[in-house]
Number of protein chains: 2
Amino acid sequence: MDQERLEHIRHSAAHMLAAAVLELYPRTKLGIGPTVENGFYYDFLFPQGTTVSEEDLASIETVMKKIISGHHDFVGRSVTAVEAESEEADQPFKLELIKEFAGEGKNLTIYESGPFKDLCRGGHVDNTSEIPADGLKLHRVAGAYWRGSEKNPMLTRIYGLLFATKEELDSYLEKLEEAKKRDHRKLGAELDLFTFSDLVGAGLALWTPKGTLLRNTLDDFVWQLRKERGYEKVTIPHITKKDLYETSGHWDKFKDDLFKITTREGHEFAMKPMNCPHHTQIFNHVSRSYRDLPQRYAETTMCYRDEQTGELHGLSRVRGFTQDDAHVFCRESQVKEEMFKIWDIIEAFYKAVGFNDLRVRLSLHDPAQFEKYLGTKEVWENTEKQLREMVAERGVEAFEALGEAAMYGPKIDFMAKDSIGREWQVATIQIDRNQPERFDLVCVNEQGEKERVVMVHAAIMGSIERFLSILIEHHAGAFPVWVSPVQVLLAPVSSKHVGGARALLNELTEAGIRTGIDEADETIGNKVRKAAGQKIPYIVVVGDKELGGEPWMIRVRGQKDQVKMTKEEFIEKVRNEIAGKI
Amino acid sequence: MDQERLEHIRHSAAHMLAAAVLELYPRTKLGIGPTVENGFYYDFLFPQGTTVSEEDLASIETVMKKIISGHHDFVGRSVTAVEAESEEADQPFKLELIKEFAGEGKNLTIYESGPFKDLCRGGHVDNTSEIPADGLKLHRVAGAYWRGSEKNPMLTRIYGLLFATKEELDSYLEKLEEAKKRDHRKLGAELDLFTFSDLVGAGLALWTPKGTLLRNTLDDFVWQLRKERGYEKVTIPHITKKDLYETSGHWDKFKDDLFKITTREGHEFAMKPMNCPHHTQIFNHVSRSYRDLPQRYAETTMCYRDEQTGELHGLSRVRGFTQDDAHVFCRESQVKEEMFKIWDIIEAFYKAVGFNDLRVRLSLHDPAQFEKYLGTKEVWENTEKQLREMVAERGVEAFEALGEAAMYGPKIDFMAKDSIGREWQVATIQIDRNQPERFDLVCVNEQGEKERVVMVHAAIMGSIERFLSILIEHHAGAFPVWVSPVQVLLAPVSSKHVGGARALLNELTEAGIRTGIDEADETIGNKVRKAAGQKIPYIVVVGDKELGGEPWMIRVRGQKDQVKMTKEEFIEKVRNEIAGKI
């Protein structure tokens with residue numbers, strides 16, 4: 001089915017939803033009812049005292065399908081503003097729209113379909129029989145301010161899914177169900193990785209010991225890859241005088257997104273929303289010779305943005321996030337080699353965490369909105385040309401996206417597809433010739449002259465919080481062995497095996513394997529179930545046999561049959577998996 | 001000489017300073033002139049257009065000594081407020097004091113000594129001849145607001161040193177000179193450890209690669225000691241809703257010292273000045289069984305305090321500082337063992353960084369100012385008793401200090417004496433029974449009942465910034481080998497030895513030795529001088545002999561004679577020093 005027809009079907013269904021709601025709750029006031037991805041919604045102000053929740057959706061859907069089955073034609077007619085106002089006299093939100101549209105000189109139309117009529121500019125099927133009722137499902141209720149402004153009344157938004165066939169609907173629902181099971185907020189609590197506190201506030205994650213181990217394991221690997229390539233760690237504070245951002249240009253373009261502080265002495269400070277301006281101050285605190293370049297600074301550090309409460313979501317959208325950030329200060333002649341080094345790091349890292357094929361996006365400036373960017377057209381075009389050449393030399397296919405560049409330069413972005421088919425932007429490499437101008441960053445070259453340097457920005461995980469939301473959902477919490485906070489769980493059969501199990505714990509820990517022990521006074525069945533729920537890769541039941549030197553029976557995550565192995569073979573196997581990052 | 005007599009001498013000298021100033025700058029207005037450690041000061045408002053700086057001190061000192069040599073008696077007499085006002089009619093600051101003292105019903109006295117008289121409550125020598133003029137030196141000028149308030153005029157404060165003998169003065173001046181050479185601000189720049197930026201702001205250090213390596217080396221060692229004792233890392237954001245600090249009690253007692261943020265939505269946030277309240281939220285996010293205790297959380301993280309610009313000083317007093325913080329949540333029965341574990345960590349750490357004998361201070365509450373603290377008298381007294389018992393059991397001598405406790409509980413503080421005799425408070429262990437009450441922190445005990453837990457706070461370095469200011473000055477930048485950012489410097493004799501030196505660099509790096517190479521086109525003499533200035537422990541000149549397999553001649557920091565050693569012996573020696581933390 002073509003997209004336009006699907007739009008018409010979904011739009012028509014929105015009318016039917018309003019019709020059903022009016023039949024069940026006659027004094028309801030109507031907002032608007034557009035189509036959205038996979039379906040449509042309609043906003044309602046229910047009569048005072050009436051609350052509609054997801055439990056009511058089944059009965060609304062039944063009435064809706066009954067109306068659809070009435071085979072009503074959609075009939076439109078032009079009306080004057082006065083006529084429209086008279087027909088919609090008991091619908092205050094419609095009256096507001098009529099006034100506005102009339103003021104803009106728009107033509108007004110009213111569409112009728114059986115028992116229902118609505119102010120609408122059209123785009124329907126001819127007859128309700130064309131709506132595939134078995135591809136329809138009302139599935140969600142949310143609050144939404146009238147016209148998106150918190151100054152207006154809060155309406156109830158009912159979302160419907162609508163596909164051309166029942167098969168498509170079922171397949172979509174299955175995917176939703178799978179995504180729900182994998183929801184990182186749910187798994188984060190079940191695996192005890194992070195939490196939020198009402199006292200600390202929304203969008204500010206607190207990381208438990210297990211979650212911190214997970215973060216640090218990933219970050220240590222990024223650092224290992226960077227260290228091998230000549231990076232050095234630096235350390236900066238989380239605040240700055242606003243002067244830094246006035247120089248960098250961020251104050252002008254991003255002021256509203258900053259957490260701002262007025263000190264007791266009346267100075268204006270801000271929390272850092274990114275690290276590049278601070279890092280320029282380390283580069284620039286002494287004079288640099290061309291011999292000192294590249295300077296490669298890496299720092300995993302938290303950044304802060306004043307996000308609106310309604311936009312926060314688990315770890316995906318937060319107020320405080322951790323960047324595994326790096327900035328290379330180098331000469332023009334060194335840019336390509338540095339970019340390719342970063343590219344190698346990105347490929348090695350994403351392979352190790354289970355994303356094999358990254359799509360590459362060339363994120364360019366939007367020529368139609370050049371005022372959003374810093375610097376000259378010429379620098380932008382040259383830099384973008386250079387990026388295209390690098391992508392070609394690297395021999396990868398890239399797609400171009402206008403308007404996705406950073407404020408100070410174009411980017412190469414990497415997109416990862418997760419195990420349920422969703423694509424996420426993850427790592428990024430950015431060339432920046434604007435900050436070096438603004439901060440006057442130079443080296444002294446072979447001729448004793450000042451030479452402008454180039455900055456290359458690179459984040460591997462980007463925001464660790466957002467990356468973990470993706471990684472948790474990709475693996476449904478069953479991380480690769482090297483990433484798992486607990487790699488092996490020892491479950492002593494009874495209290496008399498606890499001593500032996502503790503000795504094994506020490507032995508495995510010494511061998512570099514993160515090992516846990518469940519000493520609770522419970523059945524083995526319970527211990528195994530709990531450990532499986534924690535998605536621990538290997539479970540070893542420790543009883544007389546295991547302590548007596550006989551081969552172990554290993555319970556392997558995701559495998560039905562246990563695997564027989566000597567202790568030495570098992571330790572060797574797990575060590576190899578950790579070292580091989582699998 | 002007893003302390004009281006020294007006080008009288010110093011106080012008398014302050015009068016002489018004022019006398020000399022009035023002789024040189026007749027229309028000067030006088031503030032106050034008390035004694036301080038090692039001497040005295042006097043505050044002056046010089047006539048408009050007159051600036052007095054350190055260059056003028058010699059001539060003031062000459063006049064001062066001339067007046068002292070006049071053998072004037074100090075003669076005091078009681079005066080009424082009216083008399084005093086008439087005598088001090090041209091001294092506005094004195095008039096302000098007269099009014100205030102009279103209002104408080106105090107007796108007023110005026111002391112005369114030769115050409116000078118001053119409103120003063122006494123405490124002088126009988127005759128100026130008793131002032132040991134060769135133990136006197138004016139040495140410093142600073143700005144100071146009248147009565148310490150920035151609403152008042154800024155006065156010029158002249159500091160004088162005064163000792164009983166010339167020998168004592170000289171010895172003190174020598175110590176000052178030594179401290180100046182060791183000044184961490186000077187060494188921090190010379191060794192390229194940290195910097196400050198005008199754009200970022202005062203009190204916010206930026207750490208270079210070398211400085212970050214130094215910080216991380218120390219912090220990694222603290223973590224190693226903690227990990228061996230069952231600590232786990234956690235991660236928290238740097239901000240919070242103010243609700244957290246209202247619950248903890250910090251909002252009430254420390255509000256003025258917080259960096260406060262009002263979000264775009266109008267919520268009140270604060271930057272964290274400490275970590276304990278956040279850590280309670282990790283402990284408290286799930287129900288804890290007694291089996292889960294102790295929970296030992298460690299985190300090295302930055303904290304922020306809104307310090308006044310005038311109080312900032314290098315790394316000693318900053319706006320952003322890094323705490324190597326830890327909190328143990330345990331049962332009453334576990335407190336002592338946990339405290340002793342921390343004590344072990346502190347002893348191991350301070351020995352390894354070159355502080356062998358720590359003095360132990362029991363920091364108790366001040367009964368006269370009980371309103372400064374949280375909690376009940378009974379809890380305080382019991383906790384302090386418990387601390388005394390632990391100190392006794394540990395078999396160390398401790399001294400007690402009233403009023404040095406934390407807001408929430410008493411502390412055991414550790415004091416380190418540096419190589420020029422100054423004593424600094426460094427590590428701390430604190431028992432806290434108040435935060436567990438305020439945040440309702442419990443575990444479920446063997447009987448299935450809720451049991452209040454105890455928090456033990458512990459910082460090993462405390463503020464890493466402040467600790468480094470002490471460590472840099474203690475070692476004058478010549479850190480123990482294991483701490484040094486660069487442990488061995490290779491200096492190739494000429495360009496034809498660079499290749500061989502690079503191979504050695506890799507070999508030493510592989511062996512876990514932090515090695516640098518100086519490839520500059522300079523003489524060996526220059527390279528050795530630069531490396532010595534960088535306080536690098538070992539310098540190896542790499543020429544034909546060294547590359548030809550002959551024994552090396554090692555230049556050892558602080559030793560005149562070079563040491564002959566094979567490459568293998570040298571690597572072994574340095575590795576042992578690193579592993580042995582010396």
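Start with the domains of chain A in this predicted model. Select residues 3-177 for domain 1, 190-353 together with 432-475 for domain 2, and 488-579 for domain 3. Domain 2 is thus written as two segments of chain A. Next, mark the centres of domain 1 and domain 3 of chain A: taken over C-alpha atoms, they lie 57 Å apart.

Now show both chains and superpose chain A on chain B. What rotation and shift does this take? The rotation is 178°, with 0.0 Å of shift along its axis, and the RMSD is 1.0 Å. This is the relation of a two-fold axis. To place the axis in the view, select Ile261(A): its C-alpha is the one in chain A nearest the axis, at 2.9 Å. The two copies use the same surface, since 100% of the contact residues of chain A recur in chain B.

Stay with the interface and select the residues in contact. Chain A contributes 56 residues and chain B contributes 56 residues. The size of an interface is often given as the accessible area lost when the parts come together. Here chain A and chain B bury about 4,800 Å² between them, with 60% of that area on carbon and sulfur atoms. Which three residues of chain A supply more of its buried area than any other three? Select Leu199(A), Thr235(A) and Arg264(A), which account for 15% of the area that chain A buries against chain B.

Turn on polar contacts across the interface. There are 30 residue pairs in polar contact between chain A and chain B, both residues at pLDDT 80 or more. Then colour the chain A side by residue class: 21 residues are nonpolar, 18 are polar and 17 are charged. Helix H7 of chain A, residues 209-227, gives the largest share of this side, with 4 residues.

Side chains of opposite charge can pair when their charged atoms come close. Between chain A and chain B there are 4 salt bridges. One of the pairs to select is Arg319(A) with Glu265(B), where the closest N and O atoms are 3.3 Å apart.

Over all chains, the whole structure holds 94 salt bridges. For one within chain A, select Glu465(A) and Arg215(A), whose side chains meet with an N to O distance of 2.7 Å. Glu465(A) belongs to helix H14 (residues 464-475) of chain A and Arg215(A) to helix H7 of chain A, so this pair ties together parts that are 250 residues apart in sequence.

Finish with the backbone. Most residues other than glycine have a negative phi, and most peptide bonds are trans. Select Leu293(A) and Pro294(A): the peptide bond joining them is cis, with omega about -5°. Pro294(A) sits in the loop between helix H10 (276-283) and strand S15 (295-304) of chain A. Move to chain B and select Leu293(B) and Pro294(B), where the peptide bond is cis with omega near -5°. Pro294(B) lies in the loop between helix H10 (276-283) and strand S15 (295-304) of chain B.

The last stop is Arg147(A). What is the sign of its phi? The phi of Arg147(A) is positive, about 60°, although the residue is not a glycine. Show strand S7 (136-145) and strand S8 (154-162) of chain A to frame the loop that holds Arg147(A).

Methods: Residues numbered from 1 in each chain as written. Chains lettered and ligands numbered in written order. Predicted model: local features only at pLDDT ≥ 70, side-chain atom pairs only at ≥ 80, totals over all residues. Heavy atoms only, no water. Contact = heavy atoms within 4.5 Å. Buried area = accessible area lost by both parts, 1.4 Å probe. Polar contact = N/O pair within 3.5 Å; in protein donor to acceptor, adjacent residues only side chain to side chain. Helix = DSSP H or I, 4+ residues; strand = E, 2+ residues; numbered from the N terminus. Nonpolar A, V, L, I, M, F, W, Y, C, P; charged D, E, K, R; others polar. Domains from an automatic or database assignment. Least-squares fit on C-alpha atoms with pLDDT ≥ 70 in both.
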